[in-house]
Amino acid sequence: MDAHTAIHQRYSANVYDPDRPVSSEILDQLIDAARQAPSAYNMQQSRFVAVQDLEARRVLRSIAYDQAKVEMAPVVIVVLGDLQSHLTFPEITRADQAAGIYDQGLADYFVQAVQGTYSDPRRAHDEAIRSGSLAAMNLMTEATALGLATSPMIGFDPIKFKETFAIAEHYLPVFMIAVGYPAAGNWPKKTRRSLDELLVRDARPHQKNAFSQ
Ligand SMILES: Cc1cc2nc3c(=O)[nH]c(=O)nc-3n(C[C@H](O)[C@H](O)[C@H](O)COP(=O)(O)O)c2cc1C
């Protein structure tokens, strides 16, 4: 399936086939798609926790306000953002330098910019949400292309999740994504606003437009 079709076919599924597992090869393929997403300065702060075991999913369901799909879907992937990724950022510049993408001067500049900017917890938080969201979208598009269904969720208690699944303080839960093969009973894809409602075409400086008030 091509990207255009996957983007248009994706929908949030509530009903999954609990007897059809997602193989570890497919799980790897999903995370491989997620890690292709862009991130500011290529910080790559998104991390992924796959909850697969049935008992573990039952516990996760109780943390997710009893949403049944958390137990029904064979895997629930929790996207985390590392709020301290600015501290490990030199590892990224070393890898990009070793790959011959840029030189030491630019690497030093990036490290200084990243450490200066993202030592501010608010900016680290916002970036973790942005990057985690892009990674989640890639993951869901890839899953759709592979014939899987997904559901992004923020309906869970992030503090309880971290306590229960032994996640360190500096990781921010960004999304929970149920993944599995769809079963009968799902809603079709929901409606969307029209392009005209969403898009200002040919915006010009200081010219009023649909979003000026
Ligand atoms: C940030 C975010 C949080 C969401 N949280 C939940 C959730 O906790 N439970 C749920 O059933 N769906 C959740 N959804 C799914 C939305 O309800 C769904 O994407 C929306 O209704 C549009 O439907 P579609 O994805 O089928 O096109 C969430 C979606 C987003 C983007």
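In this predicted model, the buried residues of helix H3 pack against strand E1 (46-51), helix H4 (69-72), strand E2, helix H8 (158-164) and strand E4. Helix H3 spans residues 54-63, and its buried residues are Arg57, Leu60 and Ile63. The three cover an arc of only 105 degrees around the axis, so they sit on the same side of H3. That arrangement fits a familiar rule: an α-helix has 3.6 residues a turn, so residues three or four places apart point the same way.

Both ends of this helix are worth a look. At the N-terminal end, Asp53 acts as a cap for H3, with a side-chain oxygen 3.2 Å from the backbone nitrogen of Glu55. After H3 comes Tyr65, which has a positive phi, near 50 degrees.

The sheet comes next. Four strands make up an open sheet in the order E1-E2-E4-E3, with antiparallel pairing. Strands E1 and E3 (149-153) stand at the edges and have a single partner strand each, so one side of each is left without a neighbour in the sheet. From one strand to the next, the twist averages 25 degrees. For E1, the pairing with E2 is antiparallel and runs over six bridges; within E2, Gly81 is the bridge partner of Ser46.

Two helices can be placed relative to these strands. Helix H3 lies across E1, E2 and E4, running at about 115 degrees to E1. Helix H2 also lies across E1, E2 and E4, and H2 runs at about 30 degrees to E2.

Turning to the interior, the largest nonpolar core has 20 residues, of which Val22, Leu30, Ile77, Leu139, Leu148, Ile177 and Val179 touch the most other members. Two or more residues of this core come from each of helix H2 (24-34), strand E2 (75-82), helix H7 (121-145) and strand E4 (171-180). The largest share, five residues, is supplied by H7.

Leu148 gives a handy view of how this region is put together. Leaving aside residues up to four places away in sequence, Leu148 touches Val22, Ile26, Leu30, Ala143, Val179, Gly180, Tyr181 and Pro182. Separate from the largest core is a second core of 18 residues, with Val51, Val76, Ile167 and Ala178 among them.

Key:
Residues numbered from 1 in each chain as written. Predicted model: local features only at pLDDT ≥ 70, side-chain atom pairs only at ≥ 80, totals over all residues. Heavy atoms only, no water. Core = buried A, V, L, I, M, F, W, Y, C linked by side-chain atoms within 4.5 Å. Buried < 20%, exposed > 50% of the residue type's maximum accessible area, 1.4 Å probe, protein only. Contact = heavy atoms within 4.5 Å. Arc of directions from axis to C-beta. Polar contact = N/O pair within 3.5 Å; in protein donor to acceptor, adjacent residues only side chain to side chain. Pairing = 2+ DSSP bridges. Axes fitted to C-alpha atoms, helices over the stretch in contact; angles between N-to-C directions.
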